[in-house]
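Hi,

Here is the structure I said I'd pass along. Have a look at it first, and then read on for what turned up.

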Amino acid sequence: SAEEINNVIEGIIPTEEQNLYDKLAGVFEDVKNRMISKTEDSLQSSYFPTLNGWTGGIRMGDFIQISGKDKNGKSSFSYTLALDFAINQKIPVGIFSLEMSNEVLAWKAISYECDIDYQKLRNPKGLRDNINKLTDDELLKVGEKAQRRFYKSKIYICDKSLNERQIKAKMKKMIKEYGIKFFVIDYIGLIPTAGKFETREREIAYLSRFFKLVCKELNVSICIVSQQNREGKIAESKGLDRDCDFAFSIKRSLEEGIKTLKVENKEISMNENDFIVTMDKSRHSAQGKQFLASYINSKFRERSFREDEQGKFPI
């Protein structure tokens, strides 16, 4: 028809617009079904329970950013979150690691979940005089624990250097074959783009917008890791802050000169294994809130300070 020809000329894509009033019944029916459902329809964290209250749970289509300075826990935070969903909620997850190999990520996952020093997996022979050497007994115990912890989990890792379009294509394949619902990309600064840009800032802004749209198109949640500069700002671009649904930053407290932190109305003394996680942006709730994450042995978890859980860590 003449209208269809004109739409092609104008670049108008036919859509099915709906009046909000006409959708009200369907919206409330969906809310009611979620109220009575015995299964959780959002991703809930066991390791960082405060996030559940802040975000209301991670939902499909959410675009999440985690930023931090070099060696300040941003990869540990994002990987632990992925392991959390995969192991404790049995949600299939996908990890695109442009920084570390598949093998290294496997060592880290076992270390985080099985109470074994990462360095013992990386270098089982240890240092001089058998310092930090992995023993046969330790290897047997960690192997048995890993079998239990990772049983029926679905964690798929891609460590190839892919551009944004290749990553999207791989995501589609992983969703179809494995049912992936949550992806981690570590990190955005290492993605080689298919196009050319005048500045690095525009390139990162383009990548941010690209993956924001991928979240919506594929109906998955994507957590993208970004690097901060020495001043604690996201390197090269503000695009991520603009596009994301939730933006978290993480920093090592003592390295920033922070010796105490007020958590749950208590003044807590920091140590070298403590990291402060801040929700810098949220489209769905208040922002600027903080909680404390820490290493205890090899586990990276939120630290609780309630009277009945003084200093304890979940799971």
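A quick word on terms before the strands: two strands count as paired if DSSP finds at least two bridges between them. Also keep in mind that this is a predicted model.

First, the overall picture. The chain has 315 residues, and 44% of them are buried. Its secondary structure comes to ten helices and eleven strands. Of the contacts with a separation of 6 or more, 68% are between residues 24 or more positions apart. The accessible surface is about 18000 Å², with 49% of that belonging to carbon and sulfur atoms.

Now to strand S5, residues 221–227, where I spent my time. Which strands pair with S5? One of them is S1 (residues 63–68), which runs parallel to S5 and shares six bridges with it. In that pairing, serine 67 sits opposite serine 226. Another is S4 (residues 182–186), also parallel to S5, with four bridges joining the two. There, phenylalanine 182 has serine 221 as its bridge partner.

S4 and S5 also belong to a right-handed β-α-β unit, together with helix H9 (residues 200–218).

Is S5 buried or exposed? Seven of its seven residues are buried, so the strand is largely enclosed by the rest of the structure. That holds for both faces: Ser221, Cys223, Val225 and Gln227 point one way, Ile222, Ile224 and Ser226 point the other way, and all are buried.

If you open the model, S5 with S1 and S4 alongside as its parallel partners is a good place to begin.

Cheers

Key. Residues numbered from 1 in each chain as written. Predicted model: local features only at pLDDT ≥ 70, side-chain atom pairs only at ≥ 80, totals over all residues. Heavy atoms only, no water. Buried < 20%, exposed > 50% of the residue type's maximum accessible area, 1.4 Å probe, protein only. Right-handed = clockwise from strand over helix to strand, strands pointing away. Contact = heavy atoms within 4.5 Å. Areas by Shrake-Rupley, 256 points an atom, 1.4 Å probe, with all protein chains shown as cover.
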